[in-house]
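Follow this explanation with the sequence and the 3D view side by side. It takes up a sheet, the helix that lies against it, and then a strand elsewhere in the chain.

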Amino acid sequence: MRSVGKPIRKIDSGALVTGQPVFTEDLAGKDCLIVKLLRSPCANAFIRTVKTSAAKQVSGIEAVYTWEDVPQHRFTLAGQTYPEPSPYDRLILDRHVRFVGDPVAIVAGENEDCVDRALKLIKTEYEVLPAVLDFHEAKDNPVIVHPEDNWKALCQVGADVKRNLCATGESMDGDVEAQLAASTVIVEETYHVKAVQQAMMETFRTVCYMDAYGRLNVMSSTQIVYHVRRILSNALGIPKSRIRVFKPRIGGGFGAKQTAVSEIYPAFVTWKTGKPSKIVFTRRESQTASSPRHEMEVTVKLGADDEGNILAMDVHTLSNTGAYGEHGPTTVGLSGHKSIPLYGSLQAHRFSYDVVYTNKMSSGAYRGYGATQGIFAVETAVNELAHKLRTDPVQLRLQNMLREGQNMPAYFGETVTSCALDRCLIRAADMIGWKDKYPCRDLGNGRVRSVGIALGMQGSCISNVDVGSATIKLNEDGTYVLSIAAADMGTGCDTILTQMAAESLDCPLEDIAVSGADTDTSPYDSGSYASSTTFITGTAVRNAAERLRHRIKKQAAKLLDCRLEELEFDGQMARNTKTQQTVTLEQIGISSMSGSDNALQVTESYSSPVSPPPYMAGAVEIELDKETGHVEILDFVAVVDCGTVINPNLARVQTEGGLAQGIGMTLYENVQYSDKGEFLNNSFMQYRIPTRLDTGRLRVEFESSYEPGGPFGAKSIGEIVINTPAPAIVHAIANATGIWFRELPVTSEAIALGLLET
């Protein structure tokens, strides 16, 4: 292939590395009102009074808004396809504040100084209420997080708001109790993952202005332009036709920007005042009032026979959605549906869950979207099972893992159409030197080197839901324009989608200009999430390019006065094989613009009934200091099956980034709350994320399968890569210390104290 599979440099790399003004704040007008929020100091309270008169008198202040000034119909901030599974439980500003950081007032002014002064002059009186801070105590607690009568859910997800239940459910296949009873070895443990932050470099930010037609224009750092338009329409109570949403370059998202965290506030200001406005979240706000990963506690019960055949798996997840339900009903499903299917030997499984409201910061989407928590639990349980069976965990997995052609009852009954998981595991074990290094080597002087291993899977879209679209047109000079609404978050999707178009059109990559995402000019796309861009939008791009190629040939046949079957087209020139006459692509483009009814522009949409999983094996070698508990990552190897690799360079850096995030949540990112519900890790001084010096040697390889339903055989890669570090590292720590740590992060202090107690 000419373009697909090639390590092509990102098409926007030049602008990014030379510091061109391509991000939201770079492009904001100089006359924007500065928008900031007054936030609640209480975890649960009812606002008695808000006195804003003094704030409004500050020179330069344009407006101060409170709960009395905003619409009173509820909505969700979750960027999901309508009807959203997430409940409509938000107001722009609510008299009832539900976590420390919940917005109380919106202040807009000419500059930051006047806005900061005004914020200090707002006097608020609260009726402080009891708060539910422990998610173990939330279900059926007398303190109800959402007692309002206008809370509503558009989908039946088992919600019971009077019990603090945002969602609940259960699914199963086979007789779990009978298979557990037949098992001779049982592992039953509970694993806890805290609500870690995405910590992207670019914080949440949005710019709004009114255009000459009286429409609200919203430029935002977002993954979901079409969903943001609907969310703003619901929140402001105005038609979608009056709103345009578009995005420039995005300085990182990792799922955080699948929730409309910042857009509503400047949009409300601009809609009310008619003046341009912008909001830029501080790092403190992004840490304390955003959309982190859902805290989950996953209980796994595994049963196996004496030969090591895993017969049954019972998984229950308790998920903490926080004060609001964004993505609560959906993330929890992945904790079971994308961990249990890793084992094709299962004779029975059960998966159940409760998602509860608490008075903590609401959670949202984060790379891995619940699968990360579930895979940590299930893979650690499998490693514990191998320990009990006194068998090699690599061999245990090879004996029990999912194989191509098998059915996956726990994955909505889908059949495995492409799977190189066995080759991934064998290669990862070989790369890390498993046979020589497992389980550990004592170096003396209190230092131990050990290895650990884990598997992972994800998906390539939300089946029967996600829609990807692409418009491609031929210009009169023989070049193309590709228009998409998928959001490049730095992942390089603009580049890989252009590669697919160039492959189908048989043209150089530089002959295709890409634009998007813009609700006025881009075809509808669900957005960049659920690992769907390569698989879903990529298929739409391929289909559009193939249809356009057919139209180009049709136009060329007209010009050359021949039948289609008599025509040859090489991407640059068409030739009549009988007369040898030729026309160039440029001539074809020009001809379509005069006296032609053959539009050389095509729009294609695509949605898939299945979501073929990518797979991964991860193996790690660590050195552990038994005196201090310090863990040093020496080597992490990742072998990924994402089908056909569209761009090896971009796939590799995607993998390395996911590994770094997985290492961070395993060893460093320790979320802490005060007893009053205040999030304490409000800066990178308190919330440590790993640097390149903390991640050790990262080695990435690909064991490509061919997915028949994907464009050029491709599956996704964006999320699968974060799922194996946690269970692999915890396994290595157990091999080094003899202690199984079942809560993340595993800090040096926890290891040192654990060793003192043994």
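One open sheet has three strands in the order β23-β24-β25, with antiparallel pairing. β23 (567-569) and β25 (582-584) are at its edges, and each has a single partner strand, so one side of each lacks a neighbour in the sheet. Direction ignored, neighbouring strands here are turned by 15 degrees against each other on average. Strands, of at least two residues (E), and helices, of at least four (H or I), are DSSP runs numbered from the N terminus; two strands pair if DSSP finds at least two bridges between them.

This is a predicted model, in which local features need pLDDT of at least 70, side-chain atom pairs count only at pLDDT 80 or more, and totals for chains, interfaces and linings use all residues. Residues are numbered from 1 along each chain as its sequence is written, and side-chain values use heavy atoms, leaving out hydrogens and water.

Between β23 and strand β24 (residues 573-576) there are three bridges in the antiparallel sense. In this pairing, Glu568 stands opposite Arg575 in β24. Helix α15 (residues 533-560) packs on the sheet and touches β23, β24 and β25, where contact means heavy atoms within 4.5 Å. The direction of α15 makes about 130 degrees with that of β23; such angles run from 0 to 180 degrees between N-to-C directions, with axes fitted to C-alpha atoms, for helices over the stretch in contact.

Strand β5 (residues 103-109) is largely enclosed by the rest of the structure, because seven of its seven residues are buried, that is, under 20% relative accessible area (1.4 Å probe, protein chains only). Strand β1 (residues 33-39) pairs with β5 in the antiparallel sense over six bridges, and Lys36 has Val107 in β5 as its bridge partner. Strand β3 (residues 61-65) also pairs with β5 in the antiparallel sense, over four bridges. Here Ile61 stands opposite Gly109 in β5.

Notes: Buried < 20%, exposed > 50% of the residue type's maximum accessible area, 1.4 Å probe, protein only.
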